[in-house]
Amino acid sequence: MNTPTRDGRPTVKPFWPPLAAGVALGLVLLLTFLMTGHGLGASGAFTDVVAGAGLTVAPEATRANSYLAPKVADGNPMGSWMTWEVLGVFIGALVAAFLAGRFRVQLDGSRTVGTTPRLVKALLGGLLAGFGARVAGGCTSGLGLSGAATLGIAAFVFLALFFATGLIVSRLVRGI
Amino acid sequence: MFPLHLNGMLSGLLCGILFGFVLENAGFGSPLKLSAQFRLNDWAVFKVMFTAIVVTAFGLWALRLVGLMPPDSVAVPQALVMASAVGGALVGAGFAIGGYCPGTSVAGLASGRVDALVFMVGLLIGTFAFVGFYGPAIRGMMAMGSIVDGDTFTDAYGVSEPLVLALLAVALVAVFFFGAWFERRSAGPVTAQQAVAGAGASE
């Protein structure tokens, strides 16, 4: 737990070693497969939110959209397994951050690139990742991690291009 | 017999809470630590992901071997090569520019990062844009290079599954070996103190 140091700030606990964190993540992913028949994910919840919001705001246009139509055919997808899972990710990470004294409200990266550029880059990065995840049919966790664990070819193609592009773009643009 | 096909609220919350707990403890709520992988001075992202992939892949294989899980009972992504490549490149670019991917942005927000919330707004806009542009052109691009014979190396090319698993295990050892080499020759991994202080803070 957080034991305050002499200057009154809580002690920041170190991160788990990568091997331990990797084994833990693998066991959580295996448990997810055993319980549900599919892996973990994240971007799918954002799609469900867009589909659910669309169904509320513009039901006709949403049902007519060829991408969203199958997702809203059985009703509002806002309460899907994936949306609950992502809410769980928030709760789990919040608990972990508090237990380890690592919760701190901040605009991370504002010191290195400036406040406005950081906001613009976070928004632009999210936009590219959101669009890209829909093209690939998943993101780093849903397609990369979970797909690779099932030895899917698509997952390894995704991961190779993800890391190659990340390496190049991070040399051209300073995100943080 | 597994899988149990529990796809309700409690199952989602449980899997998500465990996932988020591990993500934050690995340091993946910090965009400073995440993007340090692309600068090659912190290999935690590669190490954690590869370890998890190998643990789960071996686990699924072992469960099938002892008969607790029938073959073809878990979801395998369709082998849409062009879609995976283009999507992977876009998510990688978004990661480098924004500092997160979709899942880690949720962990970032949970550890107090406002920029992660902005990234999540971007995710919604990007998803909305895709849905708006979705049509014959995007569908055609996504279908390019699809492998029709199967979705895994075993189904599509007849590579035996133990061989694929063995290659993954070798790749895992290589990631830890090369990672340590790069980390020794650079600033090294981002510590929890540095991550909490935020990018650019002096120690």
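Start by selecting helix 8 of chain A in this predicted model. It is mostly covered, with nine of its 10 residues buried. Colour the buried ones: A:Thr140, A:Ser141, A:Leu143, A:Gly144, A:Leu145, A:Ser146, A:Gly147, A:Ala148 and A:Ala149.

What do the buried residues of helix 8 of chain A pack against? Within chain A, show helix 1 (18-36), helix 7 (115-136) and helix 9 (153-172). Then add helix 1 (9-26), helix 3 (44-65) and helix 4 (81-98) of chain B, because the packing list of these buried residues takes in both chains.

**A closer look at A:Ser141**

Now zoom in on A:Ser141, which sits in helix 8 (residues 140-149) of chain A. Is A:Ser141 buried or exposed? Its relative accessibility is 7%, so A:Ser141 counts as buried. To see what surrounds A:Ser141, leave out its neighbours within four places in sequence and display its contacts: A:Leu40, A:Gly41, A:Ala42, A:Ser146 and, from chain B, B:Phe19. You can also draw a distance from A:Ser141 to A:Gly39: their C-alpha atoms are 8.4 Å apart, although 102 residues separate them along the chain.

**Just past the helix**

Move on to A:Leu151, in the loop between helix 8 and helix 9 of chain A. Check its backbone: A:Leu151 is not a glycine, yet its phi is positive, at about 65°. A:Leu151 has a relative accessible area of 4% and is therefore buried.

**Chain B on its own**

Hide chain A for a moment and look at chain B. How many helices does chain B have? There are 10, with zero strands. The C-alpha trace of chain B spans about 55 × 45 × 35 Å along its principal axes. Of the 203 residues in chain B, 55% are buried. If you count contacts in chain B with a separation of 6 or more, 64% of them link residues 24 or more positions apart. Switch on the surface, too: the accessible surface of chain B is about 8300 Å², and 73% of that belongs to carbon and sulfur atoms.

Two backbone details are worth a stop here. Select B:Phe2 and B:Pro3: the peptide bond from B:Phe2 to B:Pro3 is cis, with omega near -10°. B:Pro3 belongs to the segment before helix 1 of chain B. Next, go to B:Asp72, in the loop between helix 3 and helix 4 of chain B. B:Asp72 is a residue other than glycine with a positive phi, near 55°. With a relative accessible area of 75%, B:Asp72 is exposed.

**Where the chains meet**

Bring chain A back and select the residues in contact across the interface: 130 from chain B and 112 from chain A. The two chains bury about 10300 Å² between them, with 78% of it on carbon and sulfur atoms. Highlight B:Phe19, B:Phe38 and B:Ile97, which supply 7% of the area that chain B buries against chain A, more than any other three residues.

Turn next to the polar side of the interface. Between chain B and chain A there are 33 residue pairs in polar contact. Colouring the side of chain B that touches chain A by residue type gives 87 nonpolar, 34 polar and nine charged residues.

**The salt bridges across the interface**

How many salt bridges cross the interface of chain B and chain A? There are three. Show them one at a time:

- A:Arg102 and B:Glu24 meet through their side chains at 2.7 Å, N to O. Both A:Arg102 and B:Glu24 are buried.
- A:Asp108 and B:Arg113 also form a salt bridge, at 2.7 Å, N to O. A:Asp108 lies in the loop between helix 5 and helix 6 of chain A, and B:Arg113 in the loop between helix 5 (102-110) and helix 6 (114-133) of chain B, so the pair joins two chains. A:Asp108 and B:Arg113 are buried.
- B:Asp115 and A:Arg118 have a salt bridge at 2.6 Å, N to O. This pair runs from helix 6 of chain B to helix 7 of chain A. B:Asp115 and A:Arg118 are both buried.

Methods. Residues are numbered from 1 along each chain as its sequence is written. Chains are lettered from A and ligands numbered from 1 in the order in which they are written. This is a predicted model: local features need pLDDT of at least 70, side-chain atom pairs count only at pLDDT 80 or more; totals for chains, interfaces and linings use all residues. Side-chain values use heavy atoms; hydrogens and water are left out. Contact means heavy atoms within 4.5 Å. Buried area is the accessible area (1.4 Å probe) that two parts lose on being put together, summed over both. A salt bridge is a side-chain nitrogen of Lys or Arg within 4 Å of a carboxyl oxygen of Asp or Glu. A polar contact is a pair of N or O atoms within 3.5 Å; within protein, one must be able to donate a hydrogen and the other to accept it, and residues adjacent in sequence count only if both atoms are side-chain atoms. Ala, Val, Leu, Ile, Met, Phe, Trp, Tyr, Cys and Pro count as nonpolar, Asp, Glu, Lys and Arg as charged, and the others, Gly among them, as polar. Helices (H or I, at least four residues) and strands (E, at least two) are DSSP runs, numbered from the N terminus. Buried means under 20% relative accessible area, exposed over 50%, partly exposed in between (1.4 Å probe, protein chains only). Accessible areas come from the Shrake-Rupley method with a 1.4 Å probe; for residues, only the protein chains shown count as cover.
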